[in-house]
Amino acid sequence: MNKDNMNQEFELYDMGMDGFMDKAKDTKKATLRLLKYLAKQKLKILVILLTVLVGCVLNLAGPLVMGKVIDQLYEGIKLSMSTGEKFNPDSSEIVQTILILMAIYGFTSLFTYFQQYFMAGVAQKLTLGLRKELSQKLNNLPLSYYDSHKKGEILSRATSDLERIADSLQQGLMQFILSTVTIVVGIIIMMVINPALTLITVATIIISMLVTKQISQRVENYYGENQRYLGELNSDVEEAFTGQLVIKAFSGEERSVESFQAVNQKLCDANRKAQFAIFAIEPIIRVIGKMGYVIVAVAGGSFAVKGTMTLGQIQAFIQYVDICSEPMTQLSYIMNMLQSAVASAERFFELLDETEEIPDNLECKIIENPKGNVVFDHVRFGYREDAILMKDINLNLKSGSKIAIVGPTGAGKTTLVNLLMRFYEIQGGKSPSTE
């Protein structure tokens, strides 16, 4: 083989990579489409929301109980100091408080178990439905799609992207709901305790959300690049193994290694950027949260001195600040996890939206005494407009004759035979032009 033929062969070998690096176009559309799939399990999701709400209320009730006990102890000590009598705490109230807290946290753990159980069922059922839909789609795609896309790319969308969607929903969506409900209910309780301190906490949360939003936009792009490069890497590996004879025949080992190293470096850079953006969020959110914590502690101390807040209320309020700050930090991770799920969902839905093969016309004509002569008159054929395989083909095939067509690369025979059979089927046993 000469050098031109070798380059031509590799151009056909790499033909499926055009368009592979297209950037995800509409995140909002993919998110809404994914939510429509989740909406098919409305009852389970409603149960999950109820368990989350009850679990959060129970968990947030703990600081109130502790604050009430602290106020009782404080009033008892204060009364003892004013009267000079020895302070004897009521052991029955202490035991009662311990039992109440044990019941609260016990039921909280139970509801957390139910949340994870139902969410696992929702995620796996969604994945099962998507796999079934994908299987049906792959059976209905035309040959042109498989000819213009690498196997590794298709496998990447059907495996790694789908698994990322399932894992992100099972872990991230549950935590997202739990964190959101915890923050909302916690803010409501803090507003009842002290509106002024609540405004400080809300301002801290808003600043954290704005920072998270800015970083999440970058993470979304990085994760999209990471998934695309991962698919490209899988394609190169798969085709390098299955096409190793072709690579050796055309002395393409060096080019194959260079291609792999280039894609591997791109994947490394995209993954590094994504991981850095993710882990940069936590320190920033925690610094903002601790600043708000200090302001709340100082302001709460001044309120206690003025007598507008009790020690139990301050203790409960500070606990609620911690309870709301931790979900806010988790929420930054969860948003990034869900962003990666959306990036994978976009790639998966692109495969589902591919044009399916048009069914053959079942109204076939019955031809009496067919001769089987076939005429190709200036036929132009290709799976893509920018990669035409045949140009201006003119053939006059006589019935009963044997024909073999071999080009410079030895390819094209099967394509021509399939094309002949396709034309023959469309005509109901009759060729496009018969004698």
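Here are four short exercises on the structure above, each with a worked solution.

The model is predicted, so local features need pLDDT of at least 70 and side-chain atom pairs count only at pLDDT 80 or more, while totals for chains, interfaces and linings use all residues. Residues are numbered from 1 along each chain as its sequence is written, and side-chain values use heavy atoms, with hydrogens and water left out.

**Exercise 1.** Find how many helices and strands the protein chain has.

*Solution.* Start with the definition: helices (H or I, at least four residues) and strands (E, at least two) are DSSP runs, numbered from the N terminus. Counting them gives twelve helices and two strands. Next, follow their order from the N terminus: α-α-α-α-α-α-α-α-α-α-α-β-β-α.

**Exercise 2.** Work out how helix 6 and helix 7 pack, and at what angle.

*Solution.* Locate helix 6 at residues 151-158 and helix 7 at residues 160-193. Axes are lines fitted to C-alpha atoms, for helices over the stretch in contact, and angles run from 0 to 180 degrees between N-to-C directions. Here the angle is about 15°, with the axes 3 Å apart. Angles under 35 degrees count as roughly parallel, and helix 6 and helix 7 are therefore roughly parallel to each other. Finally, look for contact (heavy atoms within 4.5 Å): helix 6 brings L155, S156, R157 and A158, and helix 7 brings S160, D161 and L162.

**Exercise 3.** Decide whether D161 is buried or exposed, and list what D161 touches.

*Solution.* First, place D161 in helix 7. Buried means under 20% relative accessible area, exposed over 50%, partly exposed in between (1.4 Å probe, protein chains only). D161 has 0% relative accessibility, so it counts as buried. Then, leaving aside neighbours within four places in sequence, D161 is in contact with S156, Q227, S344 and R347.

**Exercise 4.** Explore the largest nonpolar core and name the helix that gives the most to this core.

*Solution.* A nonpolar core is a set of buried Ala, Val, Leu, Ile, Met, Phe, Trp, Tyr and Cys residues joined through side-chain atoms within 4.5 Å. The largest one has 56 residues, and V52, L169, F317, Y320, F348 and F349 touch the most other members. Helix 11 gives the most to this core, with 16 residues. Now zoom in on L169: not counting residues up to four places away in sequence, L169 touches L34, L38, M119, L126 and M174. A second, separate core of five residues includes L233, V263, L267 and A270.

Definitions and conventions
Angles under 35 degrees count as roughly parallel, over 145 as roughly antiparallel, 65 to 115 as roughly perpendicular and the rest as oblique.
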